[in-house]
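Trainee: Got a minute to look at a model with me? I have a few quick questions.
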Amino acid sequence: VSPAHLRRTTPRYPVVLAHGLLGFDEIRIGRARHDYFRGVSARLEREGCIVHRCRVARTASIADRAAELAAFVREIPAKRVNLVAHSMGGLDARYALARLGLAGRVASLTTVGSPHRGTPLADLGSGLARRAGVGYALARLGMNLEALHDLTTARMADFNGAVPVATYTVTDV
């Protein structure tokens, strides 16, 4: 007879879903409920998984968002978690594992569509924000543009030098 852990059909540890840029865990409008990970939480829960949805600042820097993610994971009453992160959430997770001591609390990290090398759209947006004064106007409205700047190809090249993937295993799907 094989050991019980080999017969497991659900993950041993809870799943944490981490959203990307401009994301949210859940929005309620009247009676309607909209999940960032449309249907993923419900499906995982039907399969017997314990699911936690993290909410971090929508447009803050990777370092700030990572600190919020790390604090969220540390509050979960489990020895470890499986982290599934979309888009910028994958970068937040990488930073939290490599720089904020979260690696011991994360059994697995799966990133989905994360811009590990940056994105030319952020290059364009960041450049426009600096040149056209749009950044100043948005900052006066209370919008933090650090996320946009962090996602540029130049900043991500620096990030990848400082937070190498080799320090842990990342699966991007």
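Trainee: How are α3 and α7 oriented, roughly parallel to each other or roughly antiparallel?
Mentor: Bear in mind that this is a predicted model. α3 and α7 are roughly parallel to each other, because their packing angle is about 30° and angles under 35 degrees count as roughly parallel.
Trainee: Okay, and how far apart are the axes of α3 and α7?
Mentor: The axes are 11 Å apart. For orientation, α3 covers residues 88–99 and α7 covers residues 153–162.
Trainee: Which hand does the crossing have where α3 passes α7?
Mentor: That crossing is left-handed.
Trainee: What does α3 link along the chain?
Mentor: The chain leaves β5, runs through α3 and reaches β6, a β-α-β crossover that is right-handed.
Trainee: And in what sense do β5 and β6 pair?
Mentor: Parallel, over six bridges, with β5 at residues 81–86 and β6 at residues 106–112. Within that pairing, A85 in β5 sits opposite T111 in β6.
Trainee: Zooming out, how many helices and strands does the protein chain have?
Mentor: Seven helices and seven strands. Reading from the N terminus, the order is β-β-β-α-β-α-β-α-β-α-α-α-α-β.
Trainee: New topic: cysteines. Is C49 buried or exposed?
Mentor: C49 is buried, at 12% relative accessible area. C54 also counts as buried, with 2% relative accessibility.
Trainee: How many disulfides are there?
Mentor: The count is zero.
Trainee: Last one: how much of the protein chain counts as buried?
Mentor: Of its 173 residues, 40% do.

Key:
Residues are numbered from 1 along each chain as its sequence is written. This is a predicted model: local features need pLDDT of at least 70, side-chain atom pairs count only at pLDDT 80 or more; totals for chains, interfaces and linings use all residues. Side-chain values use heavy atoms; hydrogens and water are left out. A disulfide is a pair of cysteine sulfur atoms within 2.5 Å. Buried means under 20% relative accessible area, exposed over 50%, partly exposed in between (1.4 Å probe, protein chains only). Two strands pair if DSSP finds at least two bridges between them. Helices (H or I, at least four residues) and strands (E, at least two) are DSSP runs, numbered from the N terminus. A crossover is right-handed if, with the strands pointing away from the viewer, the path from the first strand over the helix to the second runs clockwise. Axes are lines fitted to C-alpha atoms, for helices over the stretch in contact, and angles run from 0 to 180 degrees between N-to-C directions. Angles under 35 degrees count as roughly parallel, over 145 as roughly antiparallel, 65 to 115 as roughly perpendicular and the rest as oblique. A crossing is left-handed if the near helix is turned anticlockwise from the far one by less than a right angle, and right-handed if clockwise.
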